[in-house]
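Trainee: Could you take me through this structure slowly, one feature after another, and tell me how each should be read?
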Amino acid sequence: MHCWRTVLFIHIFFVLFISAEARSESLKSPEEERLFLQSELSLAQKPNIYFILHLKEKKIYFKARGVVLRDLEIKKMRFWGRHEKVKLYALTGKAASAEPQREAVEIENAKKDEKAPPPTPPTGSPATPGSIDIKALELEDMPSSFSLILDDGLVISVKPDSQGAVSGLYSIAHSLNWYISQPLLTVWYAIKNRPYGALNLVLNEKDAKALYWSIYEGNGVLIYNPQNH
Amino acid sequence: MLKRARYIIPAVILVLFLSLECLGYYLAGRSSVATDEARHAKKTEGARAAQPNGKPSVLKKKISSLSPKGIYIVIDTARNRLYLKKGDVTLREAVISSGSGNVLTDPSGKRTWVFDTPRGEHSVKSKIENPDWVKPDWAFVEEGEEIPSNYGDRVESGMLGDYALAIGNGYLIHGTLYTRMLGRNVTHGCVRVGDEDLEYVFKNTPIGSKVIIF
């Protein structure tokens, strides 16, 4: 029994003193900024939407041709593993436990003998658009909790912020899950000889849905972290 | 002996688990700078090859030189908003309807249409007053009707409002009879705008203006 206790303490010692806190390589500021701008220039030259995760400003920018289309606030973030201060990725996939499904359009039966009159638009004062139930993919159908899989082994998990006692418990559970699962995933990917890193972002629920809506495979994602977190 | 045996298996599992955790923490913290730098250098090499190595101020100027000159349109399909912009200034904000994201498959199963508003950068190809709707094949398939061979049978007037701006591949920014649905994702890919906003956009957007949709 005494022996097992000793083994346990040694393990706890290792866990506490081997730092898993993400460390960035040290780059001088002007060099970082130049690298960041060069990377953004390469994205802005293409006719595609791209995303900048500016971790110092705690913002996610949706951009095209250097123009900011939208920005989202990052409430909280957490890193795992080594990461570079400036790095350009491509999104290879998104994953969510409840992925939205497209509706299939039902084909109307044609009337053989008479042509149906064209639909008349509704008259009178319009109902609130949001109250009308429609079969379509809309922002509200998007998940607020999902993962973005980037090339080069980085996984960004996005969670909504929430308030209240239950969410406090959820937050604790999520943190525990993070600190237990990340080392295991690191070992798993090391066995597969593939790089792995993780970034956890907490956004407002609507912003998280907007990010899921707007980002898709092939989009460029530029992560800029000029300061250690 | 038996008493000790009861503790051994869970203890072994715990030790193995903690060992894996320790290994994971160690691997995460281990320096792989050289590998990371090499990978990053390789990746940005292609991007850098065409880029002048310049001062940040020069690079910033180059990025801002890529932004649309003059009037341009930004369409946010998540929030169903259209912004008519000049530089950083928003000249007009409009509530719109964009693509429903629904899928239509014709009964033969040979063709499928996905009703998304196309993302990315486009431009205004042409502007039309009092546009007629030339019904595409999907409109007949959706209604269970036969696709007409006569072009004239496809034309319907009064469906697209007073103005339309074509942005390529059959997609239009146009008016709508269904104004109560503005703000929702209900279209087959086109962008529907209310009458007053559409008139403003039509009259102030030259042909060739950029249209950025996200």
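Mentor: Let us begin with a single residue, keeping in mind that this is a predicted model. Tyr89(A) has a relative accessible area of 9%, and because buried means under 20%, Tyr89(A) counts as buried.

Trainee: Where in chain A is the place of Tyr89(A)?

Mentor: Tyr89(A) belongs to strand E4, which covers residues 86-95 of chain A. Position along the sequence can also be set beside position in space: Tyr89(A) and Ala173(A) are 84 residues apart in sequence, and their C-alpha atoms are 30 Å apart.

Trainee: How many helices and strands are there in chain A?

Mentor: Chain A has four helices and eight strands, and reading along the sequence gives the pattern α-α-β-β-β-β-β-β-α-β-α-β. Of the 229 residues of this chain, 46% count as buried. If you take the contacts in chain A between residues at least 6 apart in sequence, 74% of them join residues at least 24 apart.

Trainee: How should I read a helix, and which residues of H2(A) are buried?

Mentor: The general idea is that an α-helix has 3.6 residues a turn, so residues three or four places apart point the same way. In this model, helix H2 of chain A runs over residues 29-44 and reaches 22 Å from its first C-alpha to its last, close to the 22 Å expected at 1.5 Å a residue. H2(A) is mostly covered, with 12 of its 16 residues buried, and the buried residues include Leu35(A), Phe36(A), Leu37(A) and Leu41(A), together with Glu32(A) and Arg34(A).

Trainee: Which residues touch the most other members in the largest nonpolar core?

Mentor: In soluble globular proteins, nonpolar side chains tend to be buried together. The largest nonpolar core here has 42 residues, and those touching the most other members are Leu53(A), Ile60(A), Leu69(A), Ile156(A), Leu211(A) and Ile223(A). Strand E3 of chain A, residues 67-80, gives the most to this core, with six residues. Apart from it lies another core, of 19 residues, among them Ala94(B), Val124(B), Tyr163(B) and Leu165(B). To see the surroundings of one member of the largest core, take Leu211(A), whose contacts beyond four places in sequence include Phe51(A), Ile60(A), Phe62(A) and Val158(A).

Trainee: Is a serine in a strand read in the same way, and is Ser157(A) buried or exposed?

Mentor: Ser157(A) is buried, with a relative accessible area of 12%, and it lies in strand E6, residues 154-160 of chain A. Its side chain makes a polar contact of 3.0 Å with the side chain of Asn200(A). Leaving out residues up to four places away in sequence, Ser157(A) also touches Phe146(A), Ser147(A), Trp178(A), Leu199(A) and Leu201(A).

Trainee: What should I look for when aromatic rings come together?

Mentor: A pair of aromatic rings is described by the distance of the centres and the angle of the planes. The count comes to nine aromatic pairs over all chains. The rings of Trp133(B) and Trp138(B) have their centres 6.2 Å apart and their planes at 45°, so this pair is tilted. Trp138(B) is buried, with a relative accessible area of 14%. Elsewhere, Phe51(A), Phe62(A) and Phe214(B) form one aromatic cluster.

Trainee: Where does the charged end of Lys127(B) sit?

Mentor: The charged end of Lys127(B) sits over the ring of Phe202(B), 4.8 Å from its centre, and the charged end of Lys135(B) sits over the ring of Phe140(B), 4.6 Å from its centre.

Methods. Residues are numbered from 1 along each chain as its sequence is written. Chains are lettered from A and ligands numbered from 1 in the order in which they are written. This is a predicted model: local features need pLDDT of at least 70, side-chain atom pairs count only at pLDDT 80 or more; totals for chains, interfaces and linings use all residues. Side-chain values use heavy atoms; hydrogens and water are left out. Helices (H or I, at least four residues) and strands (E, at least two) are DSSP runs, numbered from the N terminus. Buried means under 20% relative accessible area, exposed over 50%, partly exposed in between (1.4 Å probe, protein chains only). A polar contact is a pair of N or O atoms within 3.5 Å; within protein, one must be able to donate a hydrogen and the other to accept it, and residues adjacent in sequence count only if both atoms are side-chain atoms. Contact means heavy atoms within 4.5 Å. A nonpolar core is a set of buried Ala, Val, Leu, Ile, Met, Phe, Trp, Tyr and Cys residues joined through side-chain atoms within 4.5 Å. Rings of Phe, Tyr and Trp (its six-membered ring) pair if their centres lie within 6.5 Å; planes under 30 degrees apart count as stacked, over 60 as edge-to-face and the rest as tilted. A charge sits over a ring if NZ of Lys or CZ of Arg is within 6 Å of the ring centre and within 35 degrees of the ring normal. The expected span of a helix is 1.5 Å times one less than its number of residues.
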